Amino acid sequence: MIRKLLPLTAAALMVTSLVPAVAGAQTDEIDSRVVVAPMDSGINPYHDAFQVEESSVTPDVLAEFGVLPENVITLGESFEADKARVWDRLTTDVDYHFTGTNIIARSFSPGSRPILPDNEGDTHGVGVAGSVARGNPEAIIYFIEGGFLDEGEPYTFTHPSVDIVTMSYGLPAAALTLARDGAYEGVVELGKLSFGASTNDPQAAPLDGTAGPWYEIAIAGYAEGSGEARTTTSGNLVDFVADFTQDLPYCATCTTETRSVSGTSFATPYSAGVMSKVVLEARRAAGHLGGITPDGLMVDADGVQLSNWDFRRALEEGSIIPVSTTVGTNLPVNPVAPYLQIGWGAITGDPELDVVGRTLAQLDADAKPLKSADTCAYMTAYMGSRFLLWDANPDPASQLFGADGASGSFGQTNIVDSPYRAC
């Protein structure tokens, strides 16, 4: 049963986000927290985009993750100065926290060096992590380097401290491809949220192994702040759209440089970051400490019980319908049937558009839907088609093939019998 949450006004959200101005400080006070896990190439903890006044990684969080004192690292002024002291001793399969940031990082596939990008051509993960931080500067970023389609995926999806997973990679696909290993278990059985990037082409997202399965939240792109037009070079038939082009950290060890980069690779972690803000504020309002409960609830405190499916349903209503003002090279959003282009709508952290506040308000049991009946009907049919394509088997190898190598059967789970909350 969902109990009403206290109304969270824009002013209240601003107050709960204030932190003491002590650079890099940690506090022993137990507070609500949220953990977003991007899986990608390396991260750059030197960059200003990841520096915070007070870290969300408290001693309590370090104990929860099992980060040893010797693996809590204070960086110097540069990689060159730190190389022998820090980077030459880092190994794989170990969690490291960098003081003054919200980063905990683990490497499965280190390349030439763990955690950091190998070189300036390996900075995709830096941008991805920067997008999460842009969506929610207070989110703990549990960065997983490498291990894609291998041990990294099931590790991340089943980690008890991870609330939200975001993926900006996948196999090139013109047809149905394998789902991410462990994603079904993480979302359906353990209660996490998972955001998957659609392709950077017009391919239908339900056919994609990252964005396609019904338990994934599929993200495409739109031109936020520059006409609000739909970006045509990103997947179609998605759940939401988000900012396609962002100014982000995109360097291996620099501290201030940024770069304008485009792609669902960045729209997706930005969406995950914004959703993490919703989860964090809901936890604060209810007094929920820690992460997902053993029963798979995102929030369980003071009589308030909210699952990942409650948050997804709230975001469906809380996302906005962009109003196109210019066309440019993209498509203006259809005002009559916007769901044909942008699914439920756009996710943004822009405080003036207040997606966070709108979504929080939808967690109230008495909240009224904000989207049209046509949107509900279309998106319900769309979700039903994804159930027909992807069954509920957590073993990705059997998504396509049965044990004997024969074609597997889809549609074993339907939208009515699933945990997904239809409108």
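**Helix α4, Ser265 and the disulfides**

The side chains of Ser265 and His124 are joined by a polar contact of 2.9 Å (a pair of N or O atoms within 3.5 Å; within protein, one must be able to donate a hydrogen and the other to accept it, and residues adjacent in sequence count only if both atoms are side-chain atoms). This is a predicted model, where local features need pLDDT of at least 70 and side-chain atom pairs count only at pLDDT 80 or more, while totals for chains, interfaces and linings use all residues. Residues are numbered from 1 along each chain as its sequence is written, and side-chain values use heavy atoms, with hydrogens and water left out.

Ser265 sits in helix α7 (helices are DSSP runs of H or I, at least four residues, and strands runs of E, at least two, numbered from the N terminus). With a relative accessible area of 10%, Ser265 is buried (buried means under 20%, exposed over 50%, partly exposed in between, using a 1.4 Å probe and protein chains only). Leaving aside residues up to four places away in sequence, Ser265 touches His124, Val128, Ser168 and Ala197 (contact means heavy atoms within 4.5 Å).

Helix α4 spans residues 124-135, and 10 of its 12 residues are buried, including Val128. Its cover includes β1, β5, β6, β11 and α7.

As for disulfides (cysteine sulfur atoms within 2.5 Å), there are two. Cys251 pairs with Cys254, and both are buried. Cys376 and Cys423 form a disulfide with sulfur atoms 1.9 Å apart; the torsion about its S-S bond is about 100 degrees, so this disulfide is right-handed.

Definitions and conventions:
Expected span 1.5 Å × (residues − 1).
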